[in-house]
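Colleague: I have opened the file and would like to take it piece by piece. Could you answer my questions as we go?

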Amino acid sequence: MTESSGSPHPLPPVALPGHAIVGILGGGQLGRMLALAGYPLGLRFRFLEPTADSPGGQMAEQIVAPYDDPDALRRFSDGLAVATYEFENVSVAAASQISARVPLYPPPAALAASQERIVEKTFFHMLEIPVPAFSAVESAEELNAAVERLGLPSVLKTRRFGYDGKGQRVLRNQKDVEAAWTEMGGEPLILERFVPFYRELSLIAARSRNGETVFYPLVENHHREGILRLSLAPAPRLTPALQGQAEEFARRILEELEYVGVLAIEFFQQGDRRRANEMAPRVHNSGHWTIEGAETSQFENHLRAILGMPLGSPKAFGFSAMVNLIGELPPLHRILQIPGAHLHLYGKQPRAARKIGHVTIRAISPEERHERLAQLQAIIGKTVE
Ligand code: AMP
């Protein structure tokens, strides 16, 4: 984790906190936690989100309308100091309509680079950031040729709108290849060589309007069925070399995009090799631990970055574990009895595979973290590590 100062010509902040309204496209839990981080700074918030009573809308003004409604976009941008988004599938048209009226961060180039997997992987490759071998697939012939080239197992993914493991299948044999084509064929796809990784890591970085940049310590992530279940922060067995290399990759991306805001990059670690899987131009689930586990949370640093305020230290306090609450609520009073456990609920109705909250455990040693995590797992009734 490092902190560094950036450009010699800092831009002035866009508005004094206390007078600024921050507009957020998307009213999910990420938007809600941005608002919660911004209130102590005197900020106000406005959401644009099609579903009424969203997690964000329970916190602040919400315009209930589709993201591509020009009139709603006009009402949304009126009087904003700055606009941002909490999901990366914002359309380029909506982004340009907003950025014609108010500053919009992260920059639209970051949206373009992260919305489509082939564009994203080509972008990483151009910056000499290693990625899994991949091929574009648009027909059954191209799928067969890609399987021939990359071998099995491989992972077939939709190029757009994939999240939480949706829109992807691991192909292990010829039968899987045919079944996947029947199910997924018809839209642009990407086939990636399966990486037998030893673990998954993510890096959260923040870059402000004046180029100041901070990096949080790398986090180890555990997924099941494509959904993040557990993050350990800092990642166990984190070495300066591992951290330094991830920061170097992140720095290339931040500078190339003249990025402003929080950026998350996911990596596969396989022996000494790191490959980038994807990036998200927004605050990220694997950064939720920073609310209690770091000197400044990813949410606060995102706001500071887009408002041109000095960034806060990304230093970790002790050892944290973040566990997502997915699908159903466990007995909350028992969770609150665990020492060092911090419960976050998003105001969402429980539904299968839906993230409805998370628990962050903070501890003074990896052993204490392990012990408290075991208590949490016993309550949730699932092994998450
Ligand atoms: P993604 O939507 O690309 O983040 O993929 C979701 C999860 O699927 C990842 O976090 C990995 O656990 C797994 N996965 C994705 N791509 C690959 C790959 N090329 N090799 C192995 N596992 C993968």
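Colleague: Is Tyr-39 buried, exposed or partly exposed?
Modeller: This is a predicted model, in which local features need pLDDT of at least 70 and side-chain atom pairs count only at pLDDT 80 or more, while totals for chains, interfaces and linings use all residues. Residues are numbered from 1 along each chain as its sequence is written, and side-chain values use heavy atoms, leaving out hydrogens and water. Buried means under 20% relative accessible area, exposed over 50% and partly exposed in between (1.4 Å probe, protein chains only). With a relative accessibility of 34%, Tyr-39 is therefore partly exposed.

Colleague: And which class does Phe-45 fall into?
Modeller: The relative accessibility of Phe-45 is 4%. On that value Phe-45 counts as buried.

Colleague: How many aromatic pairs does a search of the whole structure find?
Modeller: Rings of Phe, Tyr and Trp (its six-membered ring) pair if their centres lie within 6.5 Å; planes under 30 degrees apart count as stacked, over 60 as edge-to-face and the rest as tilted. Searching the whole structure gives a count of six.

Colleague: What kind of aromatic pair do Tyr-39 and Phe-45 form?
Modeller: Their ring centres are 5.5 Å apart. The angle between the planes is 90 degrees, and the pair is edge-to-face.

Colleague: Why is the pair of Phe-197 and Phe-268 given its own class, and which class is that?
Modeller: The ring centres lie 4.8 Å apart. The planes are at 5 degrees, so the pair is stacked.

Colleague: How many residues apart in sequence are the parts that this pair ties together?
Modeller: Helices (H or I, at least four residues) and strands (E, at least two) are DSSP runs, numbered from the N terminus. Phe-197 is in the loop between strands S9 (189-193) and S10 (199-207), whereas Phe-268 is in strand S14 (residues 261-270). The stacked pair therefore links parts whose separation in residues is 71.

Colleague: Which residue reaches the side chain of Arg-199 with its backbone oxygen?
Modeller: Arg-199 is in strand S10 and, at 6% relative accessibility, is buried. A polar contact (a pair of N or O atoms within 3.5 Å; within protein, one must be able to donate a hydrogen and the other to accept it, and residues adjacent in sequence count only if both atoms are side-chain atoms) of 2.8 Å joins its side chain to that of Gln-269. At 2.7 Å, the Arg-199 side chain also reaches the backbone oxygen of Pro-236.

Colleague: Which residue caps the N-terminal end of H5?
Modeller: Helix H5 covers residues 117-126, and its buried residues include Arg-117 and Phe-124. The cap places a side-chain oxygen 2.9 Å from the backbone nitrogen of Ile-118, and that oxygen belongs to Glu-116.

Colleague: How far is the polar side-chain atom of Thr-122 from the backbone oxygen of Ile-118?
Modeller: Thr-122 is in helix H5, and its relative accessibility of 42% makes it partly exposed. Its polar side-chain atom and the Ile-118 backbone oxygen are separated by 2.6 Å.

Colleague: What share of the ligand's accessible area does the protein cover?
Modeller: Gln-168 has a polar side-chain atom 3.0 Å from a ligand oxygen, and a backbone N or O atom of Arg-193 is 3.1 Å from a ligand nitrogen. Another ligand oxygen contact is with the side chain of Asn-277, at 3.0 Å. On its own the ligand has 470 Å² of accessible area (Shrake-Rupley method, 1.4 Å probe; for residues, only the protein chains shown count as cover), and the covered share is 91%.
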